[in-house]
Amino acid sequence: MAITLPTVLEQGSSTSVATPQATGAFTMPTSGLVLAVWTIKTATTLPNNPTLSDNVGGTWAGYTDGTTAANVVIQTNIARIRVFRCTVKGSGSATLTLDALGNNQLGWTWHILHYPDAADQNAIQIATGTGTSTALLATLAAEQSNSGTAGFGGNVSTALSTAGTGFTISGAAQQPTAINLTSIAEARTGTDTTVDATGGSSVLWAMIGAELAPAGYPAGLRTGKIPRGVKGVRLY
């Protein structure tokens, strides 16, 4: 059974120059996969590895497939998009705080997403792409038939991007007022190796594509590790 579309727990943007930056509050899910997508733009210093925390005892780590991280520069020394996964869930009304390691920013955007029937683990695979055009694109390898597909894109424009063919936008594209920074999160209930979106103008962009495992999918298959008792699993 394919993975269903995510629920948007919270999303927004800010032109706050101070770091850290907090989101609005949302109820933390007790199961499923929870991802937080951030874009950050600064005037002179790009934070390499901003950190994410919450107020309910949760733990957040960079989203990865074990080889490729969902952490991409959109514009050198200016803008970045990064995805975090909630690896340990707290409970109650949560607020997330992104710390850009002391760097003052020009703008921020965020999308906090809950995939209720996806496996609570890292991606089966992640692909990234960058370029200068209106065509945001990341190309995945062949996917498992019951996987889901997600895309996370950012660009240095004030014109909002739209979802790619076959994808549904998760909530709405985000853009801090008067700042050249926009972001989009999208998903589809099935496989699609062409993770694309259309930018509102021809500018620098970055796109992250991810294959999401369904609930019950054994962890560790991406690296060729077969869990005890699992037989007949196709490795790739």
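Leaving aside its neighbours within four places in sequence, with which residues is Ser157 in contact? This tour answers that question at its first stop. The structure on the screen is a predicted model.

**Stop 1: Ser157**

Select Ser157, in the loop between strand S13 (148–155) and strand S14 (162–163). Beyond its neighbours within four places in sequence, Ser157 is in contact with Gln175, Ile179, Asn180, Leu181, Thr182, Ser201 and Val203. Display these residues together with Ser157 and examine the side chain of the serine. One polar contact, of 2.8 Å, joins the side chain of Ser157 to that of Ser201. The side chain of Ser157 also reaches the backbone nitrogen of Ala159, at 2.8 Å. Is Ser157 buried or exposed? Its relative accessibility is 5%, so Ser157 counts as buried.

**Stop 2: the tryptophan cluster**

Select Trp38, Trp108 and Trp110, which ring pairs link into a cluster. The structure holds two aromatic pairs. Trp38 and Trp108 form an edge-to-face pair, with 6.4 Å from centre to centre and 75 degrees between the planes. This pair links distant parts of the chain: Trp38 belongs to strand S4 (residues 33–41) and Trp108 to strand S11 (residues 107–115), 70 residues apart.

Now turn the view to Trp38 and Trp110. Their ring centres are 5.3 Å apart and their planes stand at 35 degrees, so this pair is tilted. Trp38 lies in strand S4 and Trp110 in strand S11, so the pair ties together parts that are 72 residues apart in sequence.

A surface display may be added here to examine burial. Trp38 is buried, with a relative accessible area of 2%. Trp108 is buried too, at 0%. Trp110 has a relative accessibility of 5% and counts as buried.

**Stop 3: Pro29**

Select Pro29, in the loop between strand S3 (26–27) and S4. Why does Pro29 count as buried or exposed? The relative accessible area of Pro29 is 11%, and buried means under 20%, so Pro29 is buried. Leaving aside neighbours within four places in sequence, Pro29 is in contact with Leu9, Val34, Lys89, Gly90 and His114. For one of these residues, Gly90, the separation from Pro29 can be followed between C-alpha atoms: it is 8.6 Å, although the two residues are 61 residues apart along the chain.

**Stop 4: a salt-bridge network**

Lys89, a contact of Pro29, leads to the next selection. Side chains of opposite charge can pair when their charged atoms come close. How many salt bridges are there? The count comes to three.

Select Arg85 and Asp120, which form a salt bridge with their closest N and O atoms 3.2 Å apart. Arg85 is in strand S8 (residues 79–88), whereas Asp120 is in the loop between S11 and strand S12 (125–139); the pair links distant parts of the chain, 35 residues apart. Arg85 is buried, with a relative accessible area of 11%, whereas Asp120 is partly exposed at 36%.

Next, add Lys89 to the selection. Asp120 forms a salt bridge with Lys89 as well, the closest N and O atoms being 2.7 Å apart. Lys89 lies in the loop between S8 and strand S9 (93–94) and Asp120 in the loop between S11 and S12, so this pair ties together parts that are 31 residues apart in sequence. Salt bridges that share partners thus join Arg85, Lys89 and Asp120 into one network.

**Stop 5: Arg188**

Select Arg188 together with Asp192 and Phe167. The side chains of Arg188 and Asp192 meet in a salt bridge, at 2.7 Å from N to O. Arg188 also lies over the face of Phe167, at 5.9 Å from the ring centre. With a relative accessibility of 26%, Arg188 counts as partly exposed; Asp192, at 15%, counts as buried.

**Stop 6: a three-stranded sheet**

Change to a cartoon display for the final stop. Strands of a sheet pair through backbone hydrogen bonds, either parallel or antiparallel. Which strands form the open sheet, and in what order? Three strands form this sheet in the order S2-S10-S5, with antiparallel pairing. The edge strands are S2 (21–22) and S5 (51–54), each of which pairs on one side only.

Select S5 and strand S10 (residues 96–99), which run antiparallel and are joined by four bridges. To see how residues face one another across this pair, select Thr51, which stands opposite Asp99 in S10.

Note on methods:
Residues are numbered from 1 along each chain as its sequence is written. This is a predicted model: local features need pLDDT of at least 70, side-chain atom pairs count only at pLDDT 80 or more; totals for chains, interfaces and linings use all residues. Side-chain values use heavy atoms; hydrogens and water are left out. Rings of Phe, Tyr and Trp (its six-membered ring) pair if their centres lie within 6.5 Å; planes under 30 degrees apart count as stacked, over 60 as edge-to-face and the rest as tilted. Helices (H or I, at least four residues) and strands (E, at least two) are DSSP runs, numbered from the N terminus. Buried means under 20% relative accessible area, exposed over 50%, partly exposed in between (1.4 Å probe, protein chains only). A charge sits over a ring if NZ of Lys or CZ of Arg is within 6 Å of the ring centre and within 35 degrees of the ring normal. Contact means heavy atoms within 4.5 Å. A salt bridge is a side-chain nitrogen of Lys or Arg within 4 Å of a carboxyl oxygen of Asp or Glu. Two strands pair if DSSP finds at least two bridges between them. A polar contact is a pair of N or O atoms within 3.5 Å; within protein, one must be able to donate a hydrogen and the other to accept it, and residues adjacent in sequence count only if both atoms are side-chain atoms.
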